[in-house]
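I sat down with a new model today and kept short notes. Here is what I looked up, in the order I looked.

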Amino acid sequence: MSDRERGWSEVPVIRTWQLATGAAVVGLALSAGVVTAAGPWDSGQRKAERQWAASQDRTGGGHHGRSASPPPVSPPVSPLAPAPAPSAAGVLSALGTQAVPPAGAGPLAAALRPLLNVPALGTVQTASVVDTATGEQLYGSGAGEAMTPASTVKIATAAAVLSALGPDHRIATTVMAAPGADLKAGTRQIVLVGGGDPTLTARKPGKRGTPASGASLPALADDTARALKGRGIAEVTLAYDTSLYSGPEYHPIGAGNDNIARITPLMADEGRLDDSDAGVAPRTGDPAGDAARAFAGMLRERGIRTTGDPAPGKPAATAKPLAKSLSAPLSALVERMLTNSDNDIAEALARQTALAAGEPASFEGARKAVAAELRELGMDTKRTRFADGSGLNRDDKVSAAFLTGLLVRAADPARPQLRPVLTGLPVAGFTGTLSKRYGDGSPVGGLVRAKTGTLNGVNTLAGTVVDANGRLLAFAFMASGTLGKDAAESALDRLASAVTGVP
């Protein structure tokens, strides 16, 4: 039986009463420091969160202490895109100062210990809870023991790529062609070059599952056809280039697994054969070829004939970009990866980290690059292993303390480039892989933000909460040898709820 990672393609309607309750609890303690914690970047999710928070503030708090200068402009958020995480305005504001003295570990340990040592969490359970403002470990149980993290390893992938390339970096998909005169007189070959963007979409604007912003194959076809017609060309030969990646194209879990597509730098809609945009789905066996064939059809629709079927190839040494399509910023890709636990994006971002480090864009190159980048962030990687970027590989090894250490760095006001690690975390009861956990009656819905991890016999949860004293705490709970997914997830949810201190 294949390992399966949970995912959800639908985001439920936000429950207003839960948001109001969560915002009231958080807002009373955390009204200062939002600007520092939010950082200078402004991806679609962060902008939506700030707008939501402002709408709850009757004092016109959209500025939150900002100057009168207008905020950076972000692409509009489509109503068809997954709903952004509705974090309360002050979720990050405890980072700069501490409103109350740190509490001792005693009460927290008393609350967590009986919830951790339960049969539902299997044979081995570890835990770490840290105050993000001070780095103080408030509770630990086997916190330094390296275990299989499942999809919580995506926190490491996210931190590494953001540190290596920055939140504003975009991934290009390019059409290359010979210079003008040569193209008109020669073979008239154009090459679709994959840059490693798994979010490139072949769907028409407005279709369900189409991202609000980012790389669009139809838009790239528009630009390509326009450029060709401008040169008087109406017929071309189309090739496609996937040479950016090296090493195995299939994840070790095997071909034909619905959790992840064949790993290639050129694909459209993650190779999905349905209209989903998250979770498991049947995948094509030839994502690059399918993307190239779809692109050829789009060119024909725009008056450019293509001779023969697209075939693998490389652009000539003298080739120049004819047209280019850019992904959404890395901040948005990281948020989407974490919220939906997207394995395809995770593997792509691990390879982008490898490319930034000058390593081969392969599993092995990504392993080396991710570890090296995290060491640059001050993390001790001696007992870790990053066998993949997604967490589907059981050879991944990190500790609960390692995960909370990454979350503390993501919350550091001096590292605003890492903030999407926090804003991408699913929100309990509202978004992504936590949308159907923490039911309607949960008092902590909206207060827990956490990355889930699920493999057969492995269940993990790592994220942040705001406790009753207004502190932002990072937590990680890891369990192996679990026998039932539902029971293990409920036990993990009770642990995270207990960290909030909300009765």
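**Notebook: surface, confidence, one helix pair**

I began with the outside: the protein exposes about 19200 Å², and carbon and sulfur atoms supply 54% of that area. The accessible areas come from the Shrake-Rupley method with a 1.4 Å probe, and for residues only the protein chains shown count as cover.

I reminded myself that this is a predicted model, where local features need pLDDT of at least 70, side-chain atom pairs count only at pLDDT 80 or more, and totals for chains, interfaces and linings use all residues. Residues are numbered from 1 along each chain as its sequence is written, and side-chain values use heavy atoms, with hydrogens and water left out.

Next I checked pLDDT, the predictor's confidence in each residue, from 0 to 100. The average for the protein is 82, and 76% of the residues score at least 70. Over residues 1–104, I found that pLDDT stays under 50.

How much of the protein is buried (under 20% relative accessible area, 1.4 Å probe, protein chains only)? I noted 55% of the 503 residues.

I then looked up the secondary structure, which comes to 14 helices (DSSP runs of H or I, at least four residues) and eleven strands (runs of E, at least two), numbered from the N terminus.

Last, I picked a pair: helix 5 (residues 154–165) and helix 9 (residues 330–340) pack at about 180°, with axes 10 Å apart. That makes helix 5 roughly antiparallel to helix 9 (an angle over 145 degrees). Axes are lines fitted to C-alpha atoms over the stretch in contact, and angles run from 0 to 180 degrees between N-to-C directions.

Conventions. Buried means under 20% relative accessible area, exposed over 50%, partly exposed in between (1.4 Å probe, protein chains only). Angles under 35 degrees count as roughly parallel, over 145 as roughly antiparallel, 65 to 115 as roughly perpendicular and the rest as oblique. Contact means heavy atoms within 4.5 Å.
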